[in-house]
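Colleague: I should be grateful for a close look at one part of this model, beginning with a single strand and its partners. Please then set that part in the context of the rest of the assembly.

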Number of protein chains: 2
Amino acid sequence: MRDFSQDHDWLSINTATVRKQSGQETPLGRIIDQCAARGIRAISPWRDQVAAAGLGRVARQLKAHGIGLSGYCRGGFFPAADAAGLKAALDDNRRAIDEAKTLEAPCLVLVVGALPGALDGKPAYKDLSRARGEVRDGIAASLAYAREVGMPLAIEPLHPMQAADRACVNTLEQALDLCDELDPQGPDNGSGAQPAALGVALDIYHVWWDPKLEQQIARAGRRRLLAYHVCDWLAPTRDLLSDRGMMGDGVVELKKIRGWVEAAGFAGFSEVEIFSQLDWWQRPGDEVLDTCIARHRSVV
Amino acid sequence: MRDFSQDHDWLSINTATVRKQSGQETPLGRIIDQCAARGIRAISPWRDQVAAAGLGRVARQLKAHGIGLSGYCRGGFFPAADAAGLKAALDDNRRAIDEAKTLEAPCLVLVVGALPGALDGKPAYKDLSRARGEVRDGIAASLAYAREVGMPLAIEPLHPMQAADRACVNTLEQALDLCDELDPQGPDNGSGAQPAALGVALDIYHVWWDPKLEQQIARAGRRRLLAYHVCDWLAPTRDLLSDRGMMGDGVVELKKIRGWVEAAGFAGFSEVEIFSQLDWWQRPGDEVLDTCIARHRSVV
């Protein structure tokens with residue numbers, strides 16, 4: 001396993017971690033500067049932040065600082081109430097793929113969506129297998145274009161507590177079944193170091209509890225493991241969405257899981273993604289970033 | 001599939017649903033009377049309620065009303081910080097088995113426990129596989145006594161959002177793997193109608209999201225399916241523990257799942273178990289019970 005204790009070369013910051021400090025939106029340009037000042041080599045920005053800052057400007061700023069992406073957040077949300085909605089989702093994912101390409105992201109992360117409308121408390125239907133079918137079809141359609149331009153798609157299995165409203169892909173096994181169905185040449189096509197066209201973004205917050213985690217990480221292998229996200233699970237957890245912990249403050253066995261991921265061949269960034277309305281979003285971004293670096297070296 | 005629309009013969013009330021109305025503890029004797037007045041034929045009471053009312057008295061009251069149990073809540077919580085804690089848990093489970101026997105319960109439901117101390121925000125350790133090993137050993141030890149007295153044990157897989165503090169068995173597949181390991185003669189020993197010594201309590205709140213649910217219900221079969229619990233998953237869900245919905249108010253496909261359960265041979269009660277600090281626990285118990293009956297007939 002790689003030694004993270006001496007530097008933070010493999011630390012990436014998901015910009016959701018430091019964007020909403022004390023209820024104020026921190027502009028992406030400022031976050032990039034904060035990261036550059038600390039020698040952080042990678043980030044994972046969100047589409048709305050990039051749009052607000054200007055795609056070309058963000059690309060130039062990153063290049064000037066020598067900062068790369070560990071992923072681009074995010075495509076997905078495929079299920080819809082009707083045909084027009086399904087088409088709009090595909091169009092939007094195509095734009096997301098183009099943006100990811102401009103930013104030279106290693107992958108576009110997919111939060112696949114679930115029951116349409118559920119996020120607003122008004123699900124258009126309850127048929128979970130229909131939603132899962134629409135996800136499969138949406139990924140298949142997007143994958144054709146993603147292959148054309150050479151942008152790997154990374155399915156992020158989300159915690160089962162978000163199955164109704166955010167993503168109906170909820171285990172690593174389910175995500176890998178989708179990968180094998182839609183990208184069957186997958187891990188064993190002999191191309192070795194190349195990432196698969198379709199793989200997974202593994203966020204420990206969503207999968208740490210899974211009794212099949214070690215087995216499925218091994219199954220994924222290096223070609224399917226496109227991104228690795230860390231934070232921690234707090235006990236107790238006070239909110240279903242935004243009470244994630246800083247690494248080391250919760251119950252997740254971070255080093256054990258990174259050991260499994262690296263044994264499977266993953267050698268990329270550990271991306272910190274912390275939604276924390278109750279704690280870390282109330283602190284100055286500089287303090288949060290300094291803490292990320294310290295914890296990356298000590299407990300990740 | 002059985003027709004529930006004309007009566008509520010197969011409705012059972014988990015007494016947690018109507019015990020904490022408006023912050024006041026409703027005595028178990030009163031809950032039993034409320035159920036009897038409505039022709040409800042089964043309940044599932046909690047050990048602390050039974051202890052407060054007196055075990056013998058509860059048994060007599062149930063018999064007088066012709067009310068049976070659909071399960072007894074609950075044994076489990078096997079993992080512990082040290083050997084003394086592990087032994088205390090086994091002793092307590094033995095007492096729970098004896099009480100279940102006195103009340104002529106069809107099974108003792110097991111909420112198996114997780115990281116010891118996590119429920120109080122102070123986990124004694126973080127090693128989830130150690131906790132899972134202690135659960136397996138605890139069930140094995142309890143099963144020996146349960147077999148002796150003839151009390152089936154029902155492992156309840158809990159939602160992954162409760163993996164740290166309440167139960168580290170989080171999918172039906174995982175629960176059935178445990179059943180097959182510890183009770184290997186399981187579903188196919190030719191004894192037909194007899195329930196297995198070790199099976200599962202299937203609560204749709206915990207498992208509705210699982211992409212392997214239909215498959216694993218079929219695997220369980222009638223001998224492993226010892227109890228079936230219903231409520232609903234609200235979108236949005238505001239609390240990780242006590243924001244369960246009344247059947248019909250959420251996104252769970254209740255009839256579809258009951259169809260799977262009955263296709264596997266289950267022919268027992270639909271037990272309503274709703275933890276709802278924010279809504280149903282704020283209403284009069286009589287209103288809650290009347291609503292349970294109406295929803296049982298219309299949407300379960």
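In β9(A), which residue is the bridge partner of A:Y228?

Modeller: The bridge partner of A:Y228 in β9(A) is A:S270. The model is a predicted one, and what follows should be read as a description of that prediction.

The strand in question is β8 of chain A, residues 225-230, and it is mostly covered, since six of its six residues are buried. Strand β9(A), residues 270-272, pairs with β8(A) in the parallel sense through three bridges. Strand β7(A), residues 198-203, is also parallel to β8(A) and is joined to it by four bridges. A:Y228 takes part here as well, as the bridge partner of A:L202. A:Y228 is thus a bridge partner of A:L202 and of A:S270.

The sheet is described here for chain B. It is open and has nine strands with parallel pairing, in the order β3-β2-β1-β9-β8-β7-β6-β5-β4. Its edges are β3(B), residues 68-69, and β4(B), residues 72-76, each of which pairs on one side only. Within this order β8(B) stands between β9(B) and β7(B). Further along, β6(B), residues 153-155, runs parallel to β7(B), residues 198-203, and three bridges join the two strands. One of the pairs is B:A154 with B:G199 of β7(B).

The edge strand β4 deserves separate attention. In chain A, the peptide bond between A:C73 and A:R74 is cis, with omega about -5 degrees, and A:R74 has its place in β4(A), residues 72-76. In chain B, a cis peptide bond likewise joins B:C73 and B:R74, omega being about -5 degrees, and B:R74 is found in β4(B). In chain A, the loop between β4 and α4 contains A:F77. This residue is not a glycine, yet its phi is positive, near 45 degrees. Because 20 or more other C-beta atoms within 10 Å are required for a residue to be called buried, A:F77 qualifies with 22.

Another positive phi, about 50 degrees, is found at B:S22, again not a glycine. B:S22 lies in the loop between β1(B), residues 11-14, and α1(B), residues 28-37. Here the surroundings are those of an exposed residue, with 10 other C-beta atoms within 10 Å.

The helices of chain B come next. Helix α4(B) lies across β4(B) and β5(B), residues 108-111, and runs at about 160 degrees to β4(B). The same helix, residues 83-102, has an axis that comes within 10 Å of that of α5(B), residues 128-149, the two crossing at roughly 35 degrees. This crossing is right-handed. On the α4(B) side the residues involved are B:L86, B:A89, B:L90, B:N93, B:R94, B:I97 and B:K101, and they meet B:E134, B:G138, B:A141, B:S142, B:Y145, B:A146 and B:V149 of α5(B). By class, this contact has eight nonpolar, three polar and three charged residues.

Helix α6(B), residues 172-182, has B:L172, B:E173, B:A175, B:L176, B:L178 and B:C179 as its buried residues. These pack against α5(B), β6(B), β7(B), α7(B) and α8(B). The axes of α6(B) and α8(B) come within 9 Å and cross at roughly 35 degrees, and the crossing is left-handed. The contact is made by B:L172, B:E173, B:L176 and B:C179 of α6(B) with B:L213, B:Q216, B:R219, B:A220 and B:R224 of α8(B). Its residues comprise five nonpolar, one polar and three charged.

It remains to place the two chains together. Chain A has 25 residues in contact with 25 residues of chain B. The side of chain A that touches chain B consists of 15 nonpolar, six polar and four charged residues. A turn of 180 degrees with a shift of 0.0 Å along the axis lays chain A on chain B with an RMSD of 0.0 Å. The two copies are therefore related as by a two-fold rotation axis. Both copies use the same surface for this, as 100% of the contact residues of chain A recur in chain B.

Methods. Residues numbered from 1 in each chain as written. Chains lettered and ligands numbered in written order. Predicted model: local features only at pLDDT ≥ 70, side-chain atom pairs only at ≥ 80, totals over all residues. Contact = placed C-beta atoms within 7 Å. Nonpolar A, V, L, I, M, F, W, Y, C, P; charged D, E, K, R; others polar. Axes fitted to C-alpha atoms, helices over the stretch in contact; angles between N-to-C directions. Left-handed = near helix turned anticlockwise from the far one by under 90°. Least-squares fit on C-alpha atoms with pLDDT ≥ 70 in both. Pairing = 2+ DSSP bridges. Buried ≥ 20, exposed ≤ 12 C-beta atoms within 10 Å, placed from the backbone.
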